[in-house]
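Here is a note for a first-year student who is learning to read a protein model. Please keep the sequence and the structure open while going through the points.

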Amino acid sequence: MSDSRTRIGVTNWLRGQLRNVAPFVTLIVLVAFFWAASDSFATLGNLQNILTQISVTGIIAVGLTFVILCAEIDLSVASIANATGIVVAYFTAQDASVTIANIPLAGWAAILIALAACFALGAVNAFGLTLIGIPSFIMTLAMLQIGAGICALLVRGQIAYTVPPLILTLGSRSLGPVPWIVIVAALFLLVGHIVLTYTRFGRYIYMTGGNREAAEYSGVNVRAILSAVMIISAVCSGVAGMLGVAYFGSAQQNEFDTYLLDSISAVVVGGTSLFGGQGGIGNTIIGLFVLGVLNNGLDHVNIDSFLKILIRGLILLAALIINVYAQRMRTVTAA
Amino acid sequence: MSDPTQPGLLALSGITKAFGGVTALGGVDFFLAAGEIHGLVGENGAGKSTLMKIIAGVHTDYQGEMRLDGRPVRLASPRDARTRGIGMVHQELSIVPDLSVAENVHLGVQPLQRLGLIDWRAMRRSAAAHLANLGIDVDLRARMGDLSLGLQQLVEVARVLFSGARIIILDEPTSALAPPEIERLFGLLRRLRESGKSLIFISHFLDDVLSVCDRLTVFRNGHAVATETCARIDKRWIIDRMIGTGHQELEESYLADIPLRSRPGAKDVLRVDNLSRTGAYRDVSMSVRAGEVLGIYGFLGSGQLELARTLFGVLRADRGSIALDGRVARLSSTSRARRAGIAFLPESRKMMLFGTEPVFKNVTIAILGRIGRLWLRPASERWIADGHVKHLHIRPPDVARLLGTLSGGNQQKVALAKWLTHLPRVLILSEPTRGMDVGAKDDVVRIVRNLRDQGIAILVVSTEPETVLSLADRILVMKKGRVVREFADEPVSKDRLLEAA
């Protein structure tokens, strides 16, 4: 009797934890597979590669986690990253061969202007979502286009190479064996985790995502929370964009296009609920590693590079199924 | 007119329907004659809606027999009911606001040309003929959503008729209408009666029922307790039968006069002056005093629920002012209202609670700012929640449990606990005892009295007379958006409340 009850308890617990357990198991399986399939995968140097490869996505994914926890979406992250990266280059003195009519300023000024730019773009998202009432899906779709437009106008099809020294260091240099960009990503993830888990603002985010009406009736200023997460998302994207430009060594149009899908995938594959209120930075970190290991590992085994794209799509689909399924489990358990 | 000994157009006998062990209808007989308007009255939960849903084919698993034109029928679905000529006009109209009047009349039965395209000219022609026939004067090309509610209702009736109905069920058709619109609707209903249609008129507004119906049936506790010709009875007669006399349980016996004890000397905490919101309430002025429970009673749609939401910053008023402790309060958001010291408990638990979060997070959500400015203090949260769980006898006494795993009554207590840690200046309760058993209701009365005695100004809004009678020290009655009566320092009873509404 008590034995069967324990078993039911464990089953229920597992069901409730599905969104946390499934991504972790996926990660272990992937690591085990590539470890077995390739000699070059499980090396310290490759770990450094993986960490560096997921850093830009990781910084974007921090802000996106905030947004998705509120049951909203931000499709403009990659576009804002690109625009911010180009803005910081635009206000930096470029090589004579670059013939864009840019305005060279001191490094700190360029960085401040770039931060202000991504903040402003996020504020426009927030304004459209909370004050006008445009669904975030459509609002940020428009912002995606606006960001692309800003990029196009500033560089006019050209490529800028120079960024302020601070950005150059953080984006492409290392502290000992650890690249600075990995340290920045880790800091962002850490701060994001602390904010979500240990602050009042974080609690309000979970409550707004869990039951928006109840949050409203509990005296939570839902509009302010939604505005804040849209701005946080844009600023994270902006920082990722600046470091990304340094990391790539150039600032140009459409440079970040793959990062939209990557960052959304990281959050969702990690198990943060698309319906809001559940998940967190811990999930996002696992999601980042799943994607990072997958992308990197596929290069180490002998596989058709065009098949990689399909495999990523299938992994994302599987994650979505688990995500929705986990939501249902959780609701059933709670009912 | 009708003869009750005849089986009539529609005859139901011995209808019994239970929802999971709770009997909603216990052997109801009901006759509808051709060419009559038949009123259905009774309190919420008396069984009117259940019976109507059986007639409209929504509930199909019931016991008893239903005869249409003398032949037994068993409706399979609402669609089946429609094809047999039974139509329903819901309180929430099923119009499409963005389509034209003509399209709404033809909803679901558009005339087609060859190629399957809509024949607009035929549609407009037939809609015009149909509406003219019914004496409804309205622009066919007007957008439905731009019409007044009264006109929308007339078009909705026309639509139901157009789809071939000979029996039309109208659910609370007058609750949102102004007097001239009501007269226009009644004119239409009478013309329909002359042309041989039968109408069932469900309403809380007894004056409306008496003025338009030929006969009426009173429901109480799942039984049809009386059917009578309207010309022979008055409002008093109906109320007596709705409430029942004598052998009722104590809990329902608010028939005797209850003395109210208002506190005229106490200070006004919340004052409202000439507050109006289009479509909800108009020119409401009132005040709630410290240490007093003010009850606002009215039927559904009378505006008291919207008024309560306005006072918590969920809805905004178009005109008028709200003052808290004598100072004008700008309640532009719920968080402002909360910080101003106003607490609100909505009528549904779902609106208030987080099912997939643990109990303690549900309890502390409204007071996080008082526990710590920036950082959460989970230990304090648990400790506070633990105190409430013990004090309110919440079962099981485990604050880490997911809220959704608790029973309904215990969830309700968690919702209340939310506002008890830091006492508000004003506590607004919407339908605080709805769906509760007697024991839980007593708990609520005890808690509310206790809070009142600590000097909190409490506002209780409800559509159930028992709720305000059991809690309030002073009662306002709202009707169609206006305050129509105040009971203070005088005996009041359920039938007096009903009479005023």
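The numbered points below cover the chain contact, some parts of each chain, and the salt bridges.

1. Basis of the note. This is a predicted model, in which local features need pLDDT of at least 70 and side-chain atom pairs count only at pLDDT 80 or more, while totals for chains, interfaces and linings use all residues. Residues are numbered from 1 along each chain as its sequence is written, chains are lettered from A and ligands numbered from 1 in the order in which they are written, and side-chain values use heavy atoms, with hydrogens and water left out.

2. Extent of the interface. How many residues does the contact take from each chain? Chain B gives 35 residues and chain A gives 25 residues, where contact means heavy atoms within 4.5 Å. The two chains bury about 2,500 Å² between them, and 56% of this is on carbon and sulfur atoms. Buried area is the accessible area (1.4 Å probe) that two parts lose on being put together, summed over both. On the chain B side, the most area is lost to chain A by F354(B), T356(B) and L376(B), which together make up 23% of what that side buries.

3. Polar links across the interface. Between chain B and chain A there are 12 residue pairs in polar contact, both residues being at pLDDT 80 or more. A polar contact is a pair of N or O atoms within 3.5 Å; within protein, one must be able to donate a hydrogen and the other to accept it, and residues adjacent in sequence count only if both atoms are side-chain atoms. The rule also finds 1 salt bridge across this interface, the term meaning a side-chain nitrogen of Lys or Arg within 4 Å of a carboxyl oxygen of Asp or Glu. R203(A) and E381(B) meet in a salt bridge through their side chains (2.8 Å, N to O).

4. Make-up of the chain B side. Helices α10 (334–339), α11 (359–364) and α12 (368–371) of chain B each supply at least two residues of the side that touches chain A. Helices (H or I, at least four residues) and strands (E, at least two) are DSSP runs, numbered from the N terminus. The residues of this side divide into 17 nonpolar, 10 polar and 8 charged. In this count Ala, Val, Leu, Ile, Met, Phe, Trp, Tyr, Cys and Pro are nonpolar, Asp, Glu, Lys and Arg are charged, and the others, Gly among them, are polar.

5. A covered helix in chain B. In helix α1 of chain B (residues 48–55), 6 of the 8 residues are buried. Buried means under 20% relative accessible area, exposed over 50%, and partly exposed in between (1.4 Å probe, protein chains only). The buried residues include K48(B), L51(B) and I55(B). After α1(B) comes G57(B), with a positive phi near 80°.

6. T284(A). This residue lies in helix α13 of chain A (residues 281–300). Is T284(A) buried or exposed? T284(A) is buried, at a relative accessible area of 0%. The side chains of T284(A) and T65(A) are joined by a polar contact of 2.8 Å.

7. Strands in chain B. Strand β12 (residues 268–277) and strand β13 (residues 281–289) of chain B run antiparallel and are joined by 6 bridges; two strands pair if DSSP finds at least two bridges between them. Their hairpin has 3 residues between the strands, and there G279(B) takes a positive phi near 80°. β12(B) also runs antiparallel to strand β15 (residues 319–324) of chain B, with 5 bridges.

8. A salt bridge between strands. D268(B) stands opposite R289(B) in β13(B), and the side chains of these two residues meet in a salt bridge (3.8 Å, N to O). R289(B) lies in β13 and D268(B) in β12 of chain B, so the pair ties together parts that are 21 residues apart in sequence. R289(B) is buried at 15% relative accessibility, whereas D268(B) is partly exposed at 27%. Both belong to one network of salt bridges with shared partners, along with R271(B), D273(B), E292(B), R474(B) and E486(B).
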